[in-house]
Amino acid sequence: MKGHVALEHVYFGYNPDKVILKDISLYAKPGQKIAFVGSTGAGKTTITNLLNRFYDIQSGVITIDGVDIRRMKRDELRRNIAMVLQDTHLFTGTVMENIRYGRLDATDQEVIQAAKTASAHSFIMRLPQGYDTMLGGDGANLSQGQRQLLNIARAAISKAPLLILDEATSSVDTRTEKHIEHGMDRLMADRTTFVIAHRLSTVRNANAIMVLEQGRSSSGAAMRTFWNKGEGTMNCIRV
Ligand SMILES: Nc1ncnc2c1ncn2[C@@H]1O[C@H](COP(=O)(O)OP(=O)(O)OP(=O)(O)O)[C@@H](O)[C@H]1O
Ligand SMILES: [Mg+2]
């Protein structure tokens, strides 16, 4: 996969009688970064669920590299999408095993490289047994920021050309915040990225910003697209 993604006239509701997304269209070229913003409940997470085919759309089409995702095998589709979600689960096992979960054939050296990419290496080296430290279920013995850094490392080790990021809203200290920011920036560098953005810096650096606006409750969310022309100007192409 190269990473062309298109949504064309997508309609979706979890229940067919209640539209959540109404006539959503967007196009991302390989390597572009698309930011989603909008109020709570507007449908941002829903769009990422549709890209993964956790749900099928009611009408319209979603394509990757020109192929309708309904024609792809679900596991093949998901192998091509790396995700950093706020509630990604860590499992009982070592730090090494938890990062390797992002790509099971990765070598130890590749795991360490991914942790460095994610800015996670330095905190891992301070853990009692470094990469061999056992994590409790769901990373119970780690802070929220540390868990987030491991999630980023896990995505960094995958070679998926598409990346979905759900930025953390939780407050971590400013130093960890910087690590997370750098880790995410490196992760996005050469992948098509859909990011649910909470930080102004993410929004500012995106190629396009999708503003989801909740319409009347029965009519679903409409979307405006702003293309980033650089130097602080945004060009609204569709209302
Ligand atoms: N599994 C589900 N079943 C039924 N309705 C759902 C489901 N998940 C979300 N919804 C509804 O779909 C709408 C969009 O939810 P979504 O999670 O996409 O919002 P969001 O933009 O990600 O919000 P937030 O910023 O709070 O994360 C909401 O009205 C929500 O109640
Ligand atoms: Mg959400």
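Good morning. I shall begin at the start of helix α7, where a side-chain oxygen of D173 comes to within 3.0 Å of the backbone nitrogen of R175. Please keep in mind throughout that this is a predicted model.

Let me stay with α7 for a moment. The helix runs over residues 174-188, which is 15 residues. From its first C-alpha to its last, α7 reaches 21 Å, close to the 21 Å expected at 1.5 Å a residue. Which residues of α7 are buried? They are T176, I180, E181, G183, M184, L187 and M188. Viewed down the axis of α7, these buried residues fall within an arc of 165 degrees, and therefore they line one face of the helix. On the face turned away from that buried side, α7 carries the exposed residues T174 and R175. R175 thus appears twice in this account: its backbone nitrogen faces the side-chain oxygen of D173, and R175 itself is exposed.

I turn now to the empty space in the model. Rolling a probe the size of a water molecule over the atoms shows where such space is left.

The largest pocket has a volume of about 640 Å³. It is lined by 21 residues, and those closest to its centre are R78, I81, M83, Y101 and G102. Which elements give two or more residues to this lining? They are helix α2 (74-79), strand β6 (81-84) and helix α6 (144-157). By class, the lining of the largest pocket comprises nine nonpolar, six polar and six charged residues.

Beyond that pocket, the structure holds two cavities of 30 Å³ or more. The largest cavity has about 50 Å³ of space. Its lining consists of L50, R53, Y55, D56, I57, I62, D68, I69 and R70. Of these residues, five are nonpolar, none is polar and four are charged.

Two of the charged residues deserve a closer look. D68, which is part of the lining of the largest cavity, lies in strand β5, residues 67-68. Is D68 buried or exposed? Its relative accessibility is 17%, so D68 counts as buried, the cut-off being under 20%. A polar atom of the D68 side chain lies 2.9 Å from the backbone nitrogen of R70, and R70 is another residue of the cavity lining.

R53 also lines the largest cavity. It sits in the loop between α1 (44-51) and β4 (59-64). With a relative accessible area of 9%, R53 is buried. Its backbone is worth noting as well: R53 has a positive phi of about 60 degrees, although it is not a glycine.

A positive phi is also found at H9, again a residue that is not a glycine, with a value of about 50 degrees. H9 belongs to strand β1, residues 5-12. In contrast to the buried R53, H9 is partly exposed, with a relative accessible area of 47%.

My final residue is I24, in strand β2, residues 21-28. At 0% relative accessibility, I24 counts as buried. How far apart are I24 and G60 in sequence and in space? In sequence they are separated by 36 residues, while their C-alpha atoms are 8.7 Å apart.

To close, I would return to D68: this buried residue belongs to the lining of the largest cavity, and its side chain has a polar atom 2.9 Å from the backbone nitrogen of R70. Thank you for your attention.

Technical notes:
Residues numbered from 1 in each chain as written. Chains lettered and ligands numbered in written order. Predicted model: local features only at pLDDT ≥ 70, side-chain atom pairs only at ≥ 80, totals over all residues. Heavy atoms only, no water. 1 Å grid on protein atoms, 1.4 Å probe; cavity = no way out; pocket = protein on both sides within 12 Å on 5 of 7 lines; lining within 4 Å. Points joined across faces, edges and corners; volume = space filled by probe spheres on them. Helix = DSSP H or I, 4+ residues; strand = E, 2+ residues; numbered from the N terminus. Nonpolar A, V, L, I, M, F, W, Y, C, P; charged D, E, K, R; others polar. Expected span 1.5 Å × (residues − 1). Buried < 20%, exposed > 50% of the residue type's maximum accessible area, 1.4 Å probe, protein only. Arc of directions from axis to C-beta. Polar contact = N/O pair within 3.5 Å; in protein donor to acceptor, adjacent residues only side chain to side chain.
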